[in-house]
Structures are given as structure tokens and as C-alpha cells.
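User: I've got a model open and want to go through it piece by piece. Mind if I throw some questions at you?

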Amino acid sequence: MLLIAFLLAGLLPALLVSVLSFYQARTALRTEIKHDLQTTGKAVGEHIDRVLFERVQNVRSWSQLAIMQDMQIGDIDKRLSIFLAETRKSYAAQYVSIDVVDLQSTIISSSNPQRISQPLFSPPVWFSFTDDGHPITIYHLQNDQLMISTPVFSNITRQPIGHLIATFSWSVIQDLLDHAAQHATTLALMDENQRFLAQSKNWTQQRLGLHTHVPIQSTLPIHGWAIKLNKEHDVAVAPVHRLGLIFLTLLVTILFFSLILVRPIAKRITQPLEDLIRFVKQLRQPNVVIPPLSGPAEVQALHQTYTKMAADLAESEQQLTRAAKLAVVGEMAAAMSHEVRTPLGIMRSSADVLLREAQLSEDGREVLGFIISETERLNKLVSALIDAARPRLPNKIPLDLQAHLQHVVAMLQKPAQAKQITLTLQAAQPVIIEADQDQMTQVLVNLLMNAIQILPEGGRIQLQLSADAKCAHIAVADDGPGVPPAQQGHLFEAFFTQRAGGVGLGLAVVKQIIEAHDGTINYSTSPWQGAQFNLSLPLATA
């Protein structure tokens, strides 16, 4: 039974996963090949468009050269013919011939001297357009040649005196398609009527398994041209087929050896597992005996894991009991934290009395200063902890924020001036809200004192009061170092601080108070690239 379960649990899921993997690989490969075909088609289309555009630009620019005026005198000295021959030679196999004809289509000059004085017969016009104000005519393909024509104008009368006709070798386009046709890929260039203009040598009319159609985005007015690509399906997915064959061979081999080797291994595993199952079932019973460690390494690891789990469960029960007791102790400690203030007040007042002693030494005064500062710090810490743990509900009354801000700014001018910090207020008109006056004072003092303590000497702090139809807005901005972006998300978390010696509860209490007043507070960068806290509080109802 264990042998059958092993085969079903091990081989069948692996076979199912492998079949799904091969199917996904086949689908992904087909998608990637189609994407590659589209990329190839787009690149070939851009190359063909670039070649045709360059040929049109050649014809237009050559027709405007001064040497073209020689056709008015019949190119007596053959300068124009020599120019045309050298130009054709410089472009290698791009052009079959370059001719200049008069208005009666008689060749006046040519890159091939034997064609001079002969009439030039052109195929029917394919399409015409204007390039930079210059007419361009392109004739139908004939004998794998594409004729591009443009008129030559007289520099004196500005009237046409003939035409420059360049016969482009269409084999250049076919060579581009042949170069891109590789790895069983075939390409063809088609016009707007689905007629074949050029195709690679391996092109076949048969529609293969993978195919795509890529329109050419041309800079010339050739609409509807496209590159058609085909790829044989069997060649495309051949790597997946080979991989599948290898996997099937490997699967059969594994199945054969599994039948031979698994039976004795299963017997070694069965007994230790049964002992372990019996132990787990009797785990809650008293005086349960742990079975001996035996069996292969995997079973021994399972044995050790289960025995450790049993020990951890017993320990977890003890920890939960201790945690419940500690929770009760924590509540008692929170209730007793108020009693810490009494001895702190006695220590502070005693230190103040001793400081009045005239015969007190300097060392004694220094020690008393330490006592006063430390008791003050502990008192603030206790207050912050109590405020954070059990915030007081606000006693809301109508409060004029303009007058209240003026009072707070006047109260903090002295500590600001001690560090030569400029503390200003911008409050143009009274703004009435419903708030707890003491808590609003606590919020503003907390924000301003934070700024005063962080700013260097010579800094500046600005309070700004404004209002809209629903809310009053207070902005506290400074020109200090600001808060790094990575820390801005933690500003209002308890026990988070940037200041050495800080507790990290001030902004958390500020947020509690503002939210208790149905307001919001957030951080932003001040106009001086420092810190700015933005408070919004609802206006008082009429």
C-alpha cells in the first residue's frame, strides 16, 4: 500500500506538472516566436521604407544640381553623362541606370552611353506624390526594376526642361527579404491589394503554423504595404518536443527502478511511522513514553520534529500563563504611573530649596541642576506616557485661533530668541473653531518646541493661519533639515524620534488630539526645504 501511495504521490503529480509545464513552454515559445516574427517584420519594413525613401531623396536632390542644366545644350561635353555614370557606380548595384530625358522622352544623358539618343519607354504610372514641393512619379514594377522620375526645371524660366529617371534594382529589396529569412522563416512584401511585390527565395504560398502580418509605417505615401511572415510550426517547437521525449524516457527509467528499490525502503519506514503515530495520539495522556529514534534519516528528522513540537506546546502553555499574569501587572503599573509624580515633585522642590542656600558649593549647584533637569525630563516622560495611553476627551468651546496663535507665539518668543530664531505669525483675520483650548495649546507648543530644539541658531519658523468654507488650516514651517523621505511615514508613531534624548511621544499625542477634534495632520516639505506640519480643523457651526 505504501509503495502504491509513493508512486501515486511522487510520480503522478510530477507527470501532471511536467505536462502542464511543457504545455506552458510550448505556448510561451509560440508567443515568443510570434513576437520575434513581428519584430523581424517591423525591422524589415523599416529597412525597405528607408531604402525607398533614400532613392526618392537621391532623385530629388540630383534633379536640382546645376549640372542638370547641361541638358539644355544637349550635354555636348558629356559632363552630365559622366556624372551620371560615376553616381551609378558609387551606389554599386542599387541602380540599373540613371537617365536624363527631354520632354519628348528622348535620352539626352545616361549612365549607359549606348542609351543616349534612344527613346525611353516607361511602364504605367504606379503613383505620384510631392516631396518637399517637388513632384515625384513612381512607375509599376517591370523586370524587377522600379523607375523613379522627377522633372528638371530651368534655372532661368523655372519651367520643366526634361526629367531625371533613376531605375532602381528591385533585387535589393529581394536581398533584404532573403537576408531576414532564416531558421525556417519566409517573408514577402505585399501591396494594398495583397499582390506580391517581392518574396524571399524560400517563400511558399502554403500557410504555415505560425504567421503574422506587419504593416509598413512608411514616410512615403505608400499605403497598405505590409510584410507577411511564415514559420513552420514543427521547426518552431522542435526544442520542446525534444525535451518532452527526453522527459518521457527519464520517467520510464525512474518508474522501473522505483518498483525495484521502493519495496524494502517502505518496510523500513513503516514501523517507525506507526510508533510515531501512536505517540502523537497519546500526547495528552500522562506519562506518555517517547518512542525510540529509528528508521532512515527522514523518519528520524520527522521523529525529532514531532517530539520538539510536543515540548514546544507544553512550553507555549506556560508562556501563555505567564503572559496573562504580566498583562495584569502591566495594568497595575499603568495605574501606578501617576504616583511617580509625587516623589518627582518632592525631589524637584527640595532641589529648588537647596539652590537658595548661599553657602552651596559650585559642585553642589551643578548636581542640583542635574537633579532638576532629570526630574523635569522624567515628569515629561510620565505625562507623555499617560497622555498616549489614556488621552483625555476634549472639552470643546468656541476658540478664536488668531488670538490663540498670537498668545502661543508670544509665549515661545523667549526660547526662540535664546537661539536667535525668528518666530513669525501670519493670521489676517479671526477664525473660530470649537476646540479644547488647553489641548490646542499643547499641540502648538509641541510643534513649535520641536522646531526650536531642532533648528540651529539663526533659523526661522513661520505659523500661517487660513480658512476655507469648512475648515481652518494651520501650517507650521521651518527652514531646518527636514525629515528624510524614508522616515516620514513613521513621524506620528509612538517612540519614534529624530532628536537625541527625545521620547518620541510628542507627535503621537498631537495626532491623537487633532483626530479627537475631527481634524487631520500631515507632513510636507516647507518652501525653505525644511519641515512643515499642516493641520486642518473643522470650523465652528453657526
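User: At about what angle does helix 3 run to strand 8?

Analyst: Bear in mind that this is a predicted model. Helix 3 covers residues 171-180 and lies across strand 7 and strand 8. Its direction relative to strand 8 comes out at about 50°.

User: Which strands stand at the edges of the open sheet with the order 8-7-10-9?

Analyst: That sheet has four strands with antiparallel pairing, and its neighbouring strands are turned by 20° against each other on average, direction ignored. An edge strand has a single partner strand, so one side of it is left without a neighbour in the sheet. The ones that fit are strand 8 (196-199) and strand 9 (210-215).

User: What is the bridge partner of leucine 189 in strand 10?

Analyst: Strand 7 (residues 185-190) and strand 10 (residues 226-231) run antiparallel, with six bridges joining them. Within strand 10, leucine 189 is matched with isoleucine 227.

User: Which residues does threonine 40 contact, leaving aside its neighbours within four places in sequence?

Analyst: Threonine 40 sits in helix 1, which covers residues 2-63. Its C-alpha atom is 9.7 Å from that of leucine 187, although the two are 147 residues apart along the chain. With the sequence neighbours within four places set aside, the contacts are Ala180, Leu187 and Leu229.

User: Now the five-stranded one. Which strands are at the edges of the open sheet with the order 12-14-15-17-16?

Analyst: The pairing in this open sheet of five strands is mixed. Each edge strand pairs on one side only, and that description goes to strand 12 (422-427) and strand 16 (520-525).

User: About what angle does the direction of helix 9 make with that of strand 12?

Analyst: Helix 9 (residues 401-418) packs on the sheet and touches strand 12, strand 14 and strand 15 (471-478). Strand 12 itself pairs with strand 14 (residues 460-467) in the parallel sense, over six bridges. Between helix 9 and strand 12, the directions make an angle of about 175°.

User: Does glutamine 420 count as buried or exposed?

Analyst: Glutamine 420 is in the loop between helix 9 and strand 12, and its phi is near 55°, a positive value in a residue other than glycine. Its relative accessibility is 56%, and the cut-off to beat is over 50%. Glutamine 420 therefore counts as exposed.

User: And what is the relative accessible area of aspartate 518?

Analyst: Aspartate 518 has a positive phi too, about 65°, although it is not a glycine. Its place is the loop between helix 11 (506-516) and strand 16. It is exposed, with a relative accessible area of 59%.

User: How far apart are the closest N and O atoms in the salt bridge of arginine 460 with aspartate 479?

Analyst: Arginine 460 is in strand 14, while aspartate 479 is in the loop between strand 15 and helix 11, 19 residues apart. Arginine 460 is partly exposed at 38% relative accessibility, and aspartate 479 is partly exposed at 27%. The salt bridge cut-off is 4 Å. For this pair, the closest N and O atoms are separated by 3.6 Å.

User: What separates glutamate 515 and lysine 511 in helix 11?

Analyst: These two form a salt bridge, with their closest N and O atoms 3.2 Å apart. Glutamate 515 is partly exposed at 45%, and lysine 511 is partly exposed at 26%. Because they are four residues apart in helix 11, the separation is about one helical turn.

User: Does aspartate 70 count as buried or exposed?

Analyst: Aspartate 70 forms a salt bridge with arginine 79, the closest N and O atoms being 2.9 Å apart. Arginine 79 is partly exposed at 42% relative accessibility. Aspartate 70 has 11%, and the limit is under 20%, so aspartate 70 counts as buried.

User: Last one: which helix gives the largest share of the nonpolar patch?

Analyst: The patch covers about 380 Å² and is made by Val280, Leu302, Tyr306, Met309 and Leu313. Valine 280 belongs to helix 5 (residues 238-281) and is partly exposed at 35%. The largest share, four residues, comes from helix 6.

Note on methods
Residues numbered from 1 in each chain as written. Predicted model: local features only at pLDDT ≥ 70, side-chain atom pairs only at ≥ 80, totals over all residues. Heavy atoms only, no water. Patch = residues over 30% accessible without salt bridge, like charges linked within 9 Å, V, L, I, M, F, W, Y side chains within 5 Å. Areas by Shrake-Rupley, 256 points an atom, 1.4 Å probe, with all protein chains shown as cover. Salt bridge = Lys/Arg side-chain N within 4 Å of Asp/Glu carboxyl O. Helix = DSSP H or I, 4+ residues; strand = E, 2+ residues; numbered from the N terminus. Buried < 20%, exposed > 50% of the residue type's maximum accessible area, 1.4 Å probe, protein only. Pairing = 2+ DSSP bridges. Contact = heavy atoms within 4.5 Å. Axes fitted to C-alpha atoms, helices over the stretch in contact; angles between N-to-C directions.
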